[in-house]
Amino acid sequence: MATLLLNKLLDSAKAIEDGDLNLAESVFKEIKCLNDANTSTAARKLVRFYVEALIRRLYKLYPRNPTPLAPSTDSYYIRCWRFLPFVWFAEKSSHHSILDAVVGKKKVHVINFSNMEFNMLIRDLMRDLVKQVGSGLSFQVTNIRPKLSNNEEYLQEMDRVLAAEAKTLRLTDFKLDHVFANTAAGIVEATLNLKRTSEDEAIVVKWEFELHKLILVPGALEKVLSKLKELRPEIMVIVEQEANHNSPDILDRLAQSFPYYSSVFDSVEKDTPEHDLENKISWEMDFRRQITNVVAREDIQHAERHETQAWWRDQLRGLGFHPVRQWFNHVRGFLFSDSTQYTIEGKNGCPLLRRYTVPLAITSAWKPELAQSDGGSDNKENVGSPESMVLGLEFNNLSIIKNECEEEGDPTIMREGNVWSPEVPHPVFACMLFIRLLFVYNLYRFLGRSINRILKSLIFLSYIKSLIIY
């Protein structure tokens with residue numbers, strides 16, 4: 001059924017591109033009949049959103065706000081309204097890499113480009129930094145992100161919680177700044193205003209599902225990365241959706257994006273824990289907007305065009321960055337609750353989030369290549385809307401769309417840490433490997449002659465294989 005519906009969506013998109021509106025309308029009717037017969041709630045919603053996006057493309061009716069405000073003013077709701085698997089992956093795949101990059105630094109400045117609001121992720125980083133350096137930590141956070149609500153109480157609450165934590169941890173200095181940037185131009189402006197406060201400041205740059213917004217704006221990506229390179233960050237972490245949604249051909253974009261969002265909507269429908277049901281509508285609305293921008297729009301102001309890690313690797317290397325070894329501490333089969341369908345594995349030295357077989361998001365870490373004259377060294381040792389809005393949508397009825405436009409607002413994982421980039425050895429990894437080998441040798445001696453030789457050999461080979469895997 002999914003394949004048939006995708007083919008029909010492609011037929012309707014082609015008819016719209018060819019200007020054959022009669023054919024497009026006929027195909028829409030076929031899609032509606034097939035979709036009504038679909039037993040999967042997630043699939044029915046997904047198809048409706050794709051049809052809506054195609055109608056928007058046809059009549060050039062777009063949502064006014066590319067980044068809509070959260071539909072609730074509740075602080076908890078605002079903080080949690082981003083898709084939880086993405087939120088947790090962004091944290092779990094970057095936390096230890098950041099700690100590794102700022103070892104021994106007592107003055108840390110985190111520049112956080114993010115469309116998510118999770119103050120406990122910053123809190124956990126502060127705690128682990130204090131454990132790492134002891135007393136005397138100075139910590140600053142600059143949040144550059146879209147505005148989520150006209151009610152700024154959630155920001156004030158975040159300030160209070162983190163300030164209280166900083167006091168408990170006895171930080172020598174703590175500062176938290178919020179900079180709103182709803183558009184690519186806003187991100188560029190906010191970045192160009194950043195400054196290094198001192199030479200001993202360790203800068204950490206973290207991008208969480210925001211960097212792709214710069215792709216289609218001429219020169220924006222180059223300006224931003226050039227400025228960040230000047231700041232000489234210890235590490236720049238990039239978390240992005242692992243998908244190719246940037247083809248100039250609308251049929252290719254639709255064909256590439258449909259399986260991706262099919263997995264996402266299936267997760268929203270099936271994997272959502274009971275206590276997060278109130279956020280479900282917001283997650284659907286967020287991905288609905290993404291589908292609209294992927295399918296309907298061609299202008300640079302509203303495009304939500306994702307690229308794969310391979311594309312980002314080429315761009316970043318071309319702009320003077322090299323990859324950094326990534327550490328990751330993880331118990332397999334977990335992301336949130338007991339959702340074992342999510343796994344994290346290594347891909348080209350980067351942690352990759354999958355749901356079953358579908359790649360969803362990937363994290364990469366980078367550092368600028370600095371010449372000696374730039375005050376740094378080219379050290380490569382570290383390489384390595386509510387649902388009801390569309391429930392009654394008839395495909396030839398544009399009233400709902402018009403009203404909305406008026407709105408305001410792997411098996412490679414180690415128990416104690418994993419070097420995702422295998423190109424470079426690490427002293428800790430070498431030590432662990434030696435301990436494991438010593439353990440295997442002693443185990444082999446202990447078994448002695450009391451066990452059948454064949455069984456003994458199988459056990460020995462099994463341990464050796466585990467060492468190779470880990």
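**Notebook: strands, a helix and some rings**

I began with the sheet: strand 1 (residues 107–114) and strand 4 pair in the parallel sense, over 7 bridges. The model I am reading is a predicted one. For a single position in this pairing I looked up Ser114, and its bridge partner in strand 4 is Glu208.

Next I went to the other neighbour I had noted for strand 4. Strand 5 (residues 235–241) runs parallel to strand 4, and 5 bridges join them. Here I noted that Lys206 stands opposite Val237 of strand 5. I then traced the connection: strand 4, helix 10 (residues 220–230) and strand 5 make a β-α-β unit, and this unit is right-handed.

How many residues of strand 4 are buried? I found 7 of 7 for residues 202–208, and I entered the strand as mostly covered. I also sorted the side chains by direction. Ala202, Val204, Lys206 and Glu208 point one way, Ile203, Val205 and Trp207 point the other way, and all are buried. Lys206 and Glu208 are thus on my buried list despite the charged residue names.Helix 3 came next. Helix 3 covers residues 41–59, which is 19 residues, and reaches 27 Å from its first C-alpha to its last, close to the 27 Å expected at 1.5 Å a residue. I checked its surroundings too: 14 of the 19 residues are buried, so helix 3 is largely enclosed by the rest of the structure. Just after the helix I noted Lys60, which takes a positive phi of about 55 degrees.

I then turned to the aromatic rings. The count comes to 13 aromatic pairs. I looked up one of them, Phe139 and Phe174, and found it stacked, with 6.5 Å centre to centre and 5 degrees between the planes. This pair links distant parts of the chain: Phe139 is in strand 2 (residues 138–145) and Phe174 in strand 3 (residues 173–180), 35 residues apart.

Are Phe139 and Phe174 buried or partly exposed? Phe139 has 1% relative accessibility and therefore counts as buried, the cut-off being under 20%. Phe174 has 22% and so counts as partly exposed.

I also followed ring pairs into a cluster. Its members are Phe49, Phe83, Phe86, Phe209, Tyr260, Tyr261, Phe265, Trp283 and Phe287.

My last entry is a charge over a ring. Lys147 lies over the face of Phe180, at 5.7 Å from the ring centre.

How values were computed:
Residues numbered from 1 in each chain as written. Predicted model: local features only at pLDDT ≥ 70, side-chain atom pairs only at ≥ 80, totals over all residues. Heavy atoms only, no water. Helix = DSSP H or I, 4+ residues; strand = E, 2+ residues; numbered from the N terminus. Expected span 1.5 Å × (residues − 1). Buried < 20%, exposed > 50% of the residue type's maximum accessible area, 1.4 Å probe, protein only. Phe/Tyr/Trp six-rings, centres within 6.5 Å; stacked < 30°, edge-to-face > 60°. Lys NZ or Arg CZ within 6 Å of the ring centre and 35° of its normal. Pairing = 2+ DSSP bridges. Right-handed = clockwise from strand over helix to strand, strands pointing away.
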